[in-house]
Amino acid sequence: MIQKRFENSAKAVADIHDGATLLVGGFGGSGLPSHLIAALVEQGAKNLTVVSNNIGAVSDGVAALISNNQVKKIICSFPVGPHADDLIARLQNGTIELEISPQGTLAERIRAGGAGVPAFYTPTAAHTELGEGKETRMFNGRLHVLEQAIVGDFAFIKGHTADRWGNIVYNKTQRNFNPVMATAARITIAEVDEIVEVGEIDPENIATPSVYVHRLVKLEAAQEGRVLVNG
């Protein structure tokens with residue numbers, strides 16, 4: 001019987017190794033796998049390359065990993081916000097590397113990684129600092145920049161409901177970067193609000209098929225010792 005459920009977040013992230021590339025879903029607080037991130041802070045893996053749309057709040061997002069000196073490189077669209085002090089300090093002293101990718105380009109780089117496409121051309125960063133040093137080519141009279149696909153060793157995603165096989169339904173805006181990141185990692189770990197039996201989810205509502213999900217954690221406030229604040 002296929003069973004992907006882990007007892008808790010700590011066990012689900014226990015084998016994440018130093019130097020791993022980690023994809024973290026979410027858009028702001030919506031769809032943020034905050035419990036998995038908190039478990040990884042406790043686990044302590046170092047020298048991570050983290051791919052995320054933004055770094056989140058100090059205590060509830062990628063910023064927590066940065067503050068805990070676990071990140072060597074961050075690839076994101078929106079690195080600076082109200083909680084970016086630790087990131088800025090580390091950029092200034094050279095202890096972290098930042099790669100900014102336009103939001104649509106970031107999503108497509110991850111989608112390409114999941115689809116097995118190694119690179120693609122886009123006009124988005126042409127004639128900007130983000131395109132400097134990258135291969136370019138003209139298409140229909142317009143300059144395009146070659147962007148590399150992104151694949152991860154692990155992905156953290158947040159869903160609303162999953163069956164025990166790992167088919168996932170998202171709650172409204174949770175369906176942001178989570179579905180595409182699930183396709184682009186060697187091991188995808190999902191935290192969900194509930195886990196049901198196979199057949200209880202309408203197939204038409206499944207956004208992430210089970211083939212992309214390797215581990216499930218059901219959120220329980222008492223077990224995690226935290227209050228769930230994001231959607």
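Which residues of the largest nonpolar core touch the most other members? Of its 30 residues, these are Ile 16, Leu 40, Val 50, Ile 55, Ile 74, Phe 156 and Ile 189. A nonpolar core is here a set of buried Ala, Val, Leu, Ile, Met, Phe, Trp, Tyr and Cys residues joined through side-chain atoms within 4.5 Å, and buried means under 20% relative accessible area, while exposed means over 50% and partly exposed lies in between, with a 1.4 Å probe and protein chains only.

The model is a predicted one, in which local features need pLDDT of at least 70 and side-chain atom pairs count only at pLDDT 80 or more, whereas totals for chains, interfaces and linings use all residues. Residues are numbered from 1 along each chain as its sequence is written, and side-chain values use heavy atoms, with hydrogens and water left out.

**The cores**

Two or more residues of the largest core come from each of β1 (21-24), α2 (34-43), β2 (48-52), α3 (62-67), β3 (71-76), β8 (152-163) and β10 (185-196); these names follow DSSP runs numbered from the N terminus, with helices (H or I) of at least four residues and strands (E) of at least two. Another core, of 23 residues, lies apart from it and includes Leu 23, Tyr 170, Phe 177 and Ala 182. In soluble globular proteins, nonpolar side chains tend to be buried together.

Ile 74 touches Val 50, Ile 55, Val 62, Leu 87, Ile 96, Glu 97, Leu 98 and Glu 99, when residues up to four places away in sequence are not counted; contact means heavy atoms within 4.5 Å. In helix α2, the buried residues are Ser 34, His 35, Leu 36, Ile 37, Ala 39 and Leu 40, and the helix is followed by Gly 44.

**A sheet of three strands**

An open sheet of 3 strands has the order β5-β7-β6 with antiparallel pairing, where two strands pair if DSSP finds at least two bridges between them. Because β5 (119-122) and β6 (136-139) stand at the edges with a single partner strand each, one side of each is left without a neighbour in the sheet. On average, neighbouring strands of this sheet are turned by 35 degrees against each other, direction ignored. Strand β7 (residues 142-148) is joined to β5 by 4 bridges, and Thr 122 stands opposite Val 145 in β7. Helix α5 (residues 103-115) lies across β5 and β7 and runs at about 155 degrees to β5, an angle taken on a scale from 0 to 180 degrees between the N-to-C directions of lines fitted to C-alpha atoms, for helices over the stretch in contact.

Val 145 is buried, with a relative accessible area of 1%. Leaving aside neighbours within four places in sequence, its contacts include Phe 120, Tyr 121, Thr 122 and Ala 125.

**Positive phi values**

Most residues other than glycine have a negative phi. The table lists residues with a positive value.

| Residue | Phi | Place |
|---|---|---|
| Asn 140 | near 55 degrees | loop between β6 and β7 |
| Lys 172 | near 55 degrees | loop between β9 (168-169) and α6 (178-183) |
| Gly 44 | near 90 degrees | after α2 |

Asn 140 is exposed, with a relative accessible area of 86%, and Lys 172 is exposed as well, with 71%.

**A charge over a ring**

The charged end of Arg 186 sits over the ring of Phe 154, 5.4 Å from its centre; this requires NZ of Lys or CZ of Arg to be within 6 Å of the ring centre and within 35 degrees of the ring normal.
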